[in-house]
Amino acid sequence: MPAAATPVRHEDILVGFKPIDDLHREFEDILTALNDPAEADYAEHLLALHEHLLRHCATEERFMQQESYSHLARHKRAHEQLLESVSEVRRRFDSGDVDAVRRYAADLMNWFSIHAQSEDAELAGYLRGIG
Ligand SMILES: [Fe+2]
Ligand SMILES: [Fe+2]
């Protein structure tokens, strides 16, 4: 039996730069709703997640552009993969694959915490340094 993944703690997704941390808290709330078995409206929660992520990624990319951040291209590629993954899971949901949504929702926080601790934390450190 595989070992259970280590649960992600709330602090693991905070990076110490308020505009980004506000987005990360919002992401956590939306993902919690998507993962709540009592909240069965996947269509609504997937749409909320998709809209949030479009805004979340665009906001971080705007900071990177405004401040001439040197790792913009790399960070943006990670965002593009994330946005493609949410588009894909919405397509699967539309074709009736609810299990794909459950798996995606269950895995997403692990992906997100790694992104937060690497790309977003590095960006936050840069933005704090010039602020
Ligand atoms: Fe982020
Ligand atoms: Fe990011």
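**Helix geometry, packing and exposure in a predicted model**

Q: What span is expected for α2, and how far does α2 reach?
A: α2 has 25 residues, and at 1.5 Å a residue a span of 36 Å is expected. From its first C-alpha to its last, α2 reaches 36 Å, close to that expectation. The model is predicted, and the values here are computed from it.

Q: Which residues of α2 are called buried, and what makes a residue buried?
A: A residue is buried if 20 or more other C-beta atoms lie within 10 Å of its own. In α2 the buried residues are H45, L46, L49, L53, H56 and E60. They are covered by elements including α1, α3 and α4.

Q: Why are α2 and α3 called roughly antiparallel?
A: The two helices pack at an angle of about 170°. Angles over 145 degrees count as roughly antiparallel, and α2 and α3 are therefore placed in that class. Their axes are 10 Å apart.

Q: Which residues make the contact of α2 with α3?
A: From α2 come Y42, A43, L46, L49, H50, L53, L54, C57, E61, M64 and Q65. They meet L72, H75, K76, H79, L82, L83, V86, V89, R90 and F93 of α3. By class, the residues of this contact divide into 14 nonpolar, four polar and three charged.

Q: How do you know whether S68 is buried or exposed?
A: S68 is in the loop between α2 and α3. The cut-off for an exposed residue is 12 or fewer C-beta neighbours. S68 has 8 inside 10 Å and therefore counts as exposed.

Q: What is notable about phi of S68?
A: Phi of S68 is near 50°, which is a positive value in a residue other than glycine. S68 takes this value just after α2.

Q: What makes F93 partly exposed?
A: Partly exposed residues fall between the limit of 12 or fewer for exposed and that of 20 or more for buried. F93, in helix α3, has 16 C-beta neighbours inside 10 Å, so F93 belongs to the partly exposed class. Leaving aside residues up to four places away in sequence, F93 touches Y42, A43, L46, V98, A100 and V101. The C-alpha atoms of F93 and L47 are separated by 11 Å, although these residues are 46 apart along the chain.

Q: How do you know whether A73 is buried or exposed?
A: A73 is another residue of helix α3. A73 has 9 other C-beta atoms within 10 Å and is exposed for that reason. Its C-alpha is 28 Å from that of D29, and the two residues are 44 apart along the chain.

Q: Which class of exposure does P19 fall in, and why?
A: P19 lies in helix α1. A count of 12 or fewer is needed for an exposed residue; P19 has 12 C-beta neighbours inside 10 Å and so counts as exposed. P19 and T59 are 40 residues apart in sequence and 8.8 Å apart in space, C-alpha to C-alpha.

Q: Why is T32 called partly exposed?
A: T32 is in helix α1. T32 has 13 other C-beta atoms within 10 Å and is therefore partly exposed, as the exposed class ends at 12. The C-alpha atoms of T32 and A105 are separated by 8.8 Å, with their positions 73 residues apart along the chain.

Q: How do you know how α1 runs relative to α4?
A: α1 and α4 pack at an angle of about 175°, and their axes are 11 Å apart. That angle makes α1 roughly antiparallel to α4, since the class covers angles over 145 degrees. In α1 the contact is made by I20, H24, F27, L31, L34 and N35. The α4 side supplies A105, A106, L108, M109, F112, A116, D120 and A124. This contact has 11 nonpolar, two polar and one charged residues.

Q: What is the reach of α4, and where does α4 bend?
A: α4 covers residues 98-130, which is 33 residues, and reaches 45 Å from first C-alpha to last, close to the 48 Å expected. At A116 the helix α4 bends by about 40°.

Q: Which residues of α4 are buried, and what do they pack against?
A: Y104, A105, L108, M109, F112, A116, D120, L123, A124 and L127 are buried. The buried residues of α4 pack against α1, α2 and α3.

Note on methods. Residues numbered from 1 in each chain as written. Chains lettered and ligands numbered in written order. Predicted model: local features only at pLDDT ≥ 70, side-chain atom pairs only at ≥ 80, totals over all residues. Helix = DSSP H or I, 4+ residues; strand = E, 2+ residues; numbered from the N terminus. Expected span 1.5 Å × (residues − 1). Bend = angle between axes of the 7 residues up to and from the residue. Contact = placed C-beta atoms within 7 Å. Axes fitted to C-alpha atoms, helices over the stretch in contact; angles between N-to-C directions. Parallel < 35°, antiparallel > 145°, perpendicular 65-115°, else oblique. Nonpolar A, V, L, I, M, F, W, Y, C, P; charged D, E, K, R; others polar.
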